[in-house]
Amino acid sequence: MMSELSYFEKGKEVSVREAFGRILVHEAGARNDWVLLDADVAGGTGAKPLVGAHPDRVMQFGIAEQNMMAAAAGVADTGLIPVVSTFAAFGCMRAHEQFRTAIAYAGRNVKLCCSHIGLDVGPDGATAQMLEDFATMRAIPDVTVISPADANEFMQAFKAILDHEGPVYMRIGRSPTPVVYGADHDFKIGKAHRLREGKDVTVVATGVMVARALEAAKTLEGEGISVRVVNLATIKPIDVEEMVAAATETKGIVTAEDHNIMAGMGSAVAECLAEHAPARMKFVGVKDRFGKSGEHNELPAMFEIDAAAIVKACRALVK
Amino acid sequence: MRNDLNEIARQIRVTSLEAIYKARSGHPGGSLSIADMLAVLYFDVMNVDPANPGWLDRDRFVLSKGHACPALYAALAHRGYFPVEEAKTLRQIGSIMEGHPDFRIPGVDAPSGSLGMGLSQGLGMAMGAKHLGKPFRTHVIVGDGDMQEGNTWEAIMSAGFKGMDNLVVIYDGNKLQGDAPVETQLSLGDVAAKVSSFGWHTVAIDGHDTVAIKAALEEAKTVKGKPTFIVADTVKGKGVSFMEGVLYWHGSVTMKDQELADALKELEAA
């Protein structure tokens, strides 16, 4: 009998990779139609608990990501669902062509889940801080791109992508991040979630930036600025309706992402709105530069992707 | 004539050249060098069902050197996956017969054309079969260019280490690559010794001898705990004298009317 999924406590700080390990073990007990493909980084991605609990569900490739990625296409051909997991720099860049040609072009049912995304990586520094994964992955046709806001949303999203037919890329956060959702959350692929109502400005945030957007909204409330916060967990396909609502019902949009502002989530929102409902926009993100070593809670201020940066951008829009 | 593998290989060659001629582009040399292997695989060794191309328990085939797809499409057409006339819509707008293998084509088990990814895809199929306890076998044809890609060697290391005895590679050693002979671009050295050192069973054959190809594939079935790597000595452009061993015919080429006529005349007489 399968056990009830245990959610993380709202308000606590939890690393999303801890949720990855938990949901992997849970889903291994719930269904036997998927396998994890790892390249010697289960300790880093958070998949380790599965290796201990269900070693028969893990295909090990060693440090050879191109082989792992193309092999995932072959594994999918047998009817199994491969969950490919590595660091984003390897999954979304080194093995990018394997993902594009062997997986996406063939419409293979592969789920790529990568940790070590954005400045959230912290002290490992620029080579491990993947600030370009939204850019590389959303540029490939027919790929669903997901960036969950917290550990609980991640677990729901993981269940959803196993049920979804087709190639998916999903981010796994590394550092402790506030849990904003409870067990009552209802994640749906392609559906943005309005976390807070507001009439002056909308912050469209993704991943770790969602908690920072909520913090910024609270600060701005004290100044009399009413901020709507929308969690854009599915970056592709984008929720056009919710973006248009934000553009037409508030005076401007601030996008917030732990990613390069070039070709990232904000760019996706801008592409959408330029066509459907042109809006005034500000982009909070890493401003086209490489990352750096530092703690995950020190880097956001240095790179201006903290709550204060969101506050500043919102103020500028309502002026 | 269906049971005569040499005759089938001849038909694959004819259809490949007709398709490339009609397309006014494509790669004849490498298509002709694999025709005999495809005949043995699709008409003798592999357990497949053209009426049900996606049958999950079928034997798999990956053409890693995807530019030789005119021969693959020809083999699939003659085996009954789709009409032979459709194979001749190669590279044409509106056709699904893409310039490099497209997974949507009935019978094509994997997309390819970017060298170096085919063996990994075959490895994944073989690993899936082991995981699911299924007896089907996976075959991959790699070319000289494939053997220069690092991805291929990752797959060779992995498959050898894992002892994937349900995986067979046929290496089409035709000695010429896109711009020049393999020996001047990046020599592969003793391929059999290298692959063998990664834990593979290796066999060397004449890649145009259908009896030898069949024997090597049968031998592979008896090898336990190791994948098999068949080093096939081949001639680029095999079967058409003015194409044999001539770099120009690697492609992509536009064939002239007289060139097609001469080639078909030779193949007719063969």
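**Sheet order and helix packing in chain A**

In this predicted model, strand β2 of chain A, formed by residues 34-38, runs parallel to β3(A), and the two are joined by three bridges. Within this pair, the residue of β3(A) that stands opposite Asp38(A) is Gln60(A).

The pair belongs to an open sheet of seven strands in chain A, in which the strands follow the order β3-β2-β4-β5-β7-β6-β12 and the pairing is mixed. The edges of the sheet are taken by β3 (58-60) and β12 (234-236) of chain A; each has a single partner strand, so one side of each is left without a neighbour in the sheet. On average, neighbouring strands of the sheet are turned by 25° against each other, with direction ignored.

A contact between two helices was also examined. Two packed helices are described by the angle between their axes and the distance between the axes. For helix α1 (residues 16-30) and helix α8 (residues 151-163) of chain A, the axes come within 9 Å and cross at roughly 40°. Angles under 35 degrees count as roughly parallel and those from 65 to 115 as roughly perpendicular; α1(A) and α8(A) are therefore oblique to each other. The crossing in which α1(A) passes α8(A) is right-handed.

On the side of α1(A), the contact involves Val16(A), Glu18(A), Ala19(A), Phe20(A), Arg22(A), Ile23(A) and Glu27(A). These meet Ala151(A), Phe154(A), Met155(A), Phe158(A), Lys159(A) and Leu162(A) in α8(A). Of the residues in this contact, nine are nonpolar and four are charged, while none is polar.

Key
Residues are numbered from 1 along each chain as its sequence is written. Chains are lettered from A and ligands numbered from 1 in the order in which they are written. This is a predicted model: local features need pLDDT of at least 70, side-chain atom pairs count only at pLDDT 80 or more; totals for chains, interfaces and linings use all residues. Two strands pair if DSSP finds at least two bridges between them. Helices (H or I, at least four residues) and strands (E, at least two) are DSSP runs, numbered from the N terminus. Axes are lines fitted to C-alpha atoms, for helices over the stretch in contact, and angles run from 0 to 180 degrees between N-to-C directions. Angles under 35 degrees count as roughly parallel, over 145 as roughly antiparallel, 65 to 115 as roughly perpendicular and the rest as oblique. A crossing is left-handed if the near helix is turned anticlockwise from the far one by less than a right angle, and right-handed if clockwise. Two residues are in contact if their C-beta atoms, placed from the backbone, lie within 7 Å. Ala, Val, Leu, Ile, Met, Phe, Trp, Tyr, Cys and Pro count as nonpolar, Asp, Glu, Lys and Arg as charged, and the others, Gly among them, as polar.
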